[in-house]
Protein chains: 2
Amino acid sequence: MALKSFIEVGPDSHFPIQNLPFGIFKPEPTSPPRPGVAIGDYVLDLSTISVSGLFEGPFLSGSDCFLQVPDEAKLRDNPNLREKSLVPMSKVEMLLPIAIGDYTDFFSSMHHARNCGIMFRGPENAINPNWFQLPIAYHGRSSSIVVSGTDIIRPRGQGHPSGNSPPYFGPSRKLDFELEMAAVVGPGNELGKPVDVNEAGDHIFGLVLMNDWSARDIQAWEYVPLGPFLGKSFGKAGNLTFPPLEFILGTTISPWIVTLDALEPFACDAPKQDPQPLPYLAEKISKNYDISLEVQIKPAGQEDSCVVTRSNFNHLYWTVTQQLAHHTINGCNLRPGDLLGTGTISGPEPESYGCLLELTWNGQKSLSLNGTTRKFLEDGDEVVFSGCSKVISFYTFLKETVTKWGLAHALEKSCHHPEHQIALRGIYVS
Amino acid sequence: MALKSFIEVGPDSHFPIQNLPFGIFKPEPTSPPRPGVAIGDYVLDLSTISVSGLFEGPFLSGSDCFLQVPDEAKLRDNPNLREKSLVPMSKVEMLLPIAIGDYTDFFSSMHHARNCGIMFRGPENAINPNWFQLPIAYHGRSSSIVVSGTDIIRPRGQGHPSGNSPPYFGPSRKLDFELEMAAVVGPGNELGKPVDVNEAGDHIFGLVLMNDWSARDIQAWEYVPLGPFLGKSFGKAGNLTFPPLEFILGTTISPWIVTLDALEPFACDAPKQDPQPLPYLAEKISKNYDISLEVQIKPAGQEDSCVVTRSNFNHLYWTVTQQLAHHTINGCNLRPGDLLGTGTISGPEPESYGCLLELTWNGQKSLSLNGTTRKFLEDGDEVVFSGCSKVISFYTFLKETVTKWGLAHALEKSCHHPEHQIALRGIYVS
């Protein structure tokens, strides 16, 4: 039988008892930030719960942590405490849920890798042979990671010179989104001590949605030969034009972290890997998660947004546990809060490509959008990500407005079905 | 006349009154870390000075900061305080001097860029045209940055498959050092607000020596196409061998940060740039610093170390202020403690190349070393960096022992000449 909370949760809510994602919020603009758990239309203030002594078990009694089951009756039957600790979600401000030490972005969708390879290197050598042997990745920038709702500023930078002119300089003309998710590292590992792939899941706290904004033109010129992305696609002999390279001009993540435990009911087999991975990447159980992903764009001044792609987390070739194990095999240390992006998650069909670069084939064709068209993002566009499982919604989505010098807002959206039960190791408020 | 401290400073000391670099140390193994300033054979404990009320000016009175001139008579004439606040350097443990948010590594030595280009792409297109338009860089990993003296562990990883075999897996066979320096960011900038190149110096607290350990073989296979380094050197048509790519398997920095003020007397003209940089990179005064750099290797069991290269900070084509301004031109935010590496600093002569990759031309020739030879680093090798100006020494050097699973020690070394005066905006203890 489905778990049910004493808190009323509407059927369209992203946050039934089965989800209970973690985030950081401010109940009032002047309040100090604090951890919370989303439930229905409320945020449960864990700092209030803690101060009230409801964490009385062996782990959290006297601790400022919040990883334990509070006695729900004490909350349910105490109207004062309920009022104090359950803050209407519509009133809170969500903050970046983690202090991100290092951010790594992988490149684990074969369809994305293949599309980029075909675009910039031709179909014969679309995917480099190393891609099938290890989860390719690059280091990203932590400081510019922001929470959904933060203004996004169209970056300025250099673009390709034409002829003998100096390089173009100005606002990016090829601003793109990238549909990704990212794993949040829980317990880290020591420098020099790799994590076994079969224990890698224990180092992941949960997942977030991520939009890895990219300025294709700036990076096409700027980031050769140092990456971080598609640098190798420059494969045309004697040709000094450069491929688009990915660039982190700012990366947006969702405010709520959904735990791997909450996702467990949606685990599915990862794709069969050929060739077999080396032993340090071979998992006893290799799993993905069935999470439908969707991107919508709402042009400025239009009422409705328009779905531009539908993909799924289960299109990833390399699993997040393989990514994490590979990341540490050289001894690299991960720290709590580190972020491991999946890379753009594209599916096999053109309707499932995870970025405009692929959807418009680097601007060679236009995308139809409620009577208008797009090759890349335009000022005022709102980009909306959402993710949900087959039967239950997981994610608040990201809604960003792209303007000349930026502006973006977070919204809520539902893609919910209430009848599913998730086992949570974390907090129950049923 | 030269400034002179009431503290006895030997002529071979790295730390005369003119230097006074900042660091973080523990006077005893169980003490909490605290900031200090090196002077002669002592570390001045700034926390003790602060607690004793010697910071009594408008900025630091009642503050826990330490950026102001204490009254030196009060320290000089108070034997108790002297004993408490001046800790013999031989007894302290030096720690990483900064909490590093993000780490970026540039690629600003033309000789290094050209050598790598010739090696992997041939002499015709040795340097990509974008290199002369902007300071190329990539994001690095912060978590694995350690202070001089920390064990260095030879990383394991995949290497190129031969024929139809699976990739090699094991300890790196091409472990290398990279001779670099790095700027430590002082005041940061807001996301979306670029720093003017002529004000970029105000955002730099000082410089450190940096060894950007690199496993050439692992990365040659692993980091295509995502960089972070030399990915673009793969320029041979239809050829699927990969170039060595740089990899941060751990980066070592010196424990003392020397301020730009201390370096000011050693400022020199930066190289003339052709083509002229775009306006956002054009500096009113474009300067480098004359800092001699040296790398020694001491093989295990040998008494003496052997100089393997002599270079100079002034070989950099792009200045640290141009690097910083470029880094922010897209709106990227820098935060206090961020580290901006220069990239390998190679000079024009083969004796001045900044890494074994160049010195041995990717292992094609051997380097003579006190009767033995090296192509890449071997277990037990100690790698020693030092940096000094023409007339005064600046840096404690790095001494690392490379072993199978690591071990390294910090030492002191002098390359000192006492007769130079440096104007310091910071603390005087004369």
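**Figure 1. Overall composition of chain A in the predicted model.** Of the 430 residues in chain A, 63% are buried. The secondary structure of chain A comprises eight helices and 26 strands. Among contacts in chain A with a separation of 6 or more, 73% join residues that are 24 or more positions apart. The exposed area of chain A is about 15,800 Å², of which carbon and sulfur atoms supply 52%.

**Figure 2. Positions in chain A that carry a "binding site" annotation in UniProt.** The unreviewed UniProt entry lists A:Asp212, A:Lys232 and A:Thr251 under this feature. A:Asp212 is placed in the loop that runs between strand E14 (204-211) and strand E15 (214-215) of chain A. With a relative accessible area of 0%, A:Asp212 falls under the 20% limit and is therefore classed as buried. A:Thr251 belongs to strand E16 (residues 251-253) of chain A.

**Figure 3. Surroundings of A:Thr251 in strand E16 of chain A.** The relative accessible area of A:Thr251 is 0%, so this residue is buried. Neighbours within four places in sequence are left aside in this view; the residues in contact with A:Thr251 are then A:Tyr103, A:Ser144, A:Ile145, A:Val146, A:Met210, A:Asn211, A:Asp212 and A:Trp213. One of these contacts, A:Asp212, is also listed by UniProt for "binding site", as is A:Thr251 itself.

**Figure 4. Helix H7 (residues 320-328) of chain B and the elements that cover it.** Helix H7 of chain B is mostly covered, with nine of its nine residues buried. These residues are B:Val320, B:Thr321, B:Gln322, B:Gln323, B:Leu324, B:Ala325, B:His326, B:His327 and B:Thr328. The cover over the buried residues includes a contribution from chain A, namely helix H5 (216-222). From chain B, the covering elements include strand E6 (103-106), strand E13 (179-185), strand E14 (204-211) and strand E22 (339-341).

**Figure 5. An open sheet of five strands in chain B.** The strands follow the order E4-E3-E2-E1-E5, and their pairing is antiparallel. Strand E4 (86-88) and strand E5 (93-95) of chain B form the edges; each has a single partner strand, so one side of each is left without a neighbour in the sheet. From one strand to the next, the twist averages 50°.

**Figure 6. Pairing of strands E1 and E2 in chain B.** Strand E1 (residues 22-26) and strand E2 (residues 34-39) of chain B are joined in the antiparallel sense over four bridges. B:Phe22 has B:Val37 of strand E2 as its bridge partner.

Technical notes
Residues numbered from 1 in each chain as written. Chains lettered and ligands numbered in written order. Predicted model: local features only at pLDDT ≥ 70, side-chain atom pairs only at ≥ 80, totals over all residues. Heavy atoms only, no water. Buried < 20%, exposed > 50% of the residue type's maximum accessible area, 1.4 Å probe, protein only. Helix = DSSP H or I, 4+ residues; strand = E, 2+ residues; numbered from the N terminus. Contact = heavy atoms within 4.5 Å. UniProt positions renumbered as here; feature names shortened; annotations may be inferred. Areas by Shrake-Rupley, 256 points an atom, 1.4 Å probe, with all protein chains shown as cover. Pairing = 2+ DSSP bridges. Axes fitted to C-alpha atoms, helices over the stretch in contact; angles between N-to-C directions.
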